[in-house]
Amino acid sequence: MLFDENPTPQSGEKGLVGIARLAASSDLLEAKRQVHYLELETRRFIGRGSGRMCDIWTINPYRGCEYGCKYCYARYAHEFMELRDPELFERKIYAKQFQALAFRAEVRRLKLGDTVWIGTATDPYQPAERRFEITRQMLAVFAQERGLDLGLTTKSDFVARDAALMAQIACKNKIRVHITITTLDERLARLLEPRAPRPALRLAAIQKLTEAGVPVSVLAHPVMPLINDSEESLDRICAAAARNGASSFSAAPLFLKPCSAQVFLPFLEAQFPHLARRYRERFEKSAYLRGHYPEMIAERVQRIRARHRMAERRPPEWPLPGDAFEDQLALFPAMTKGPDAAVAARRTGTLQRKANLL
Ligand code: SF4
């Protein structure tokens, strides 16, 4: 059994600090077949982004994501809670303990024109939202505000539940929903994103949102070489997005941080063995694909956008080629020994601060 661990604190957890301590002492809310839902005490709901995201605010109502996308780059967030098995990211889901008054007070401290992004590290409309409705409660608070610039990223058709609420927010604020669709091939989608809603359902959600007056962007991210990167495949997504009312379309190549590679590369060995060696070679030294490939994809996507008269919009969490990824290595013991220890310790500190924002 993978998930029969007791979520209550064990004696070995006494030495944990910060978010790891809170996670270890979280109350079990519900155990589904293979997924545990837990409640996480939260000091702050709205965090400041870092790096290129330093001028935006981020909100993640949940930690962990049940959809279990094989390429997910957010798995590292569970490592801050000392949950180092990357699979636990999709099996142990933490719902932040929502307090409307405290959240409203944080929202009131935002300034006119501030950008707030919901779902930078986990999906705000994953199955947990059906039960806990934290995203919805947060949106209800935003509906009372004015002058904010809200963005939301999801892979779930359940987002359409809140179309009316978002339309209400749009009366006094800017709001845009970004829906990820990596392929229209349902079999491939099931392999890559095992528990996410089918692409056809996501398209239906785009239609419902846009009919309600909520602008929608479609993200074909990540683009994976020789898996979903053909012009035909990307064009089909863009065409379907346009038909259903989306106004922009963007796509960017896969990046594989160490935490994602631990899941994605074995997945490739099992499902696309003919590609595994090439991927390993390309991602061995860098989390990012460099050189001709990203340029080719950028040109391809630009052509497709022009064909369907779509705009471009990138969500803030997408890294640009050349972004540092080395700080991820600090999460691995080898980096924390020898002459690099001081550097690794500083980087780990930075990551711990980032974790508090997730
Ligand atoms: S929906 Fe997003 S956060 Fe959830 S597993 Fe997939 S990539 Fe990760």
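Here are two short exercises with worked solutions on this predicted model.

**Exercise 1. A pair of helices**

Work out how helix α6 and helix α7 are oriented relative to each other, and which residues meet where they touch.

*Solution.* Start by finding the two helices: α6 covers residues 134-142 and α7 covers residues 163-172. Next, look at their axes, which come within 9 Å and cross at roughly 25°. Angles under 35 degrees count as roughly parallel, so α6 is roughly parallel to α7. For the handedness, view one helix over the other: α6 passes α7 in a left-handed crossing. Now turn to the side of each helix that takes part in the contact. From α6 come R136, L139, A140 and F142, and they meet L165, M166 and I169 of α7. Finally, sort these contact residues by character: 6 are nonpolar, none is polar and 1 is charged.

**Exercise 2. A strand and its partners**

Find strand β10, decide whether its residues are buried or exposed, and identify the strands that pair with it.

*Solution.* First, locate β10 at residues 216-223. Then check its cover: 8 of its 8 residues are buried, so to be counted here each has under 20% relative accessible area. Now take the partners one at a time. Strand β9 (residues 174-180) pairs with β10 in the parallel sense, over 4 bridges. To see one of these on screen, select H178, whose bridge partner in β10 is S217. The other partner is strand β11 (residues 248-253), which pairs with β10 over 5 bridges, again in the parallel sense. Here you can pick V223, which stands opposite P253 in β11.

Technical notes. Residues are numbered from 1 along each chain as its sequence is written. This is a predicted model: local features need pLDDT of at least 70, side-chain atom pairs count only at pLDDT 80 or more; totals for chains, interfaces and linings use all residues. Side-chain values use heavy atoms; hydrogens and water are left out. Axes are lines fitted to C-alpha atoms, for helices over the stretch in contact, and angles run from 0 to 180 degrees between N-to-C directions. Angles under 35 degrees count as roughly parallel, over 145 as roughly antiparallel, 65 to 115 as roughly perpendicular and the rest as oblique. A crossing is left-handed if the near helix is turned anticlockwise from the far one by less than a right angle, and right-handed if clockwise. Contact means heavy atoms within 4.5 Å. Ala, Val, Leu, Ile, Met, Phe, Trp, Tyr, Cys and Pro count as nonpolar, Asp, Glu, Lys and Arg as charged, and the others, Gly among them, as polar. Buried means under 20% relative accessible area, exposed over 50%, partly exposed in between (1.4 Å probe, protein chains only). Two strands pair if DSSP finds at least two bridges between them.
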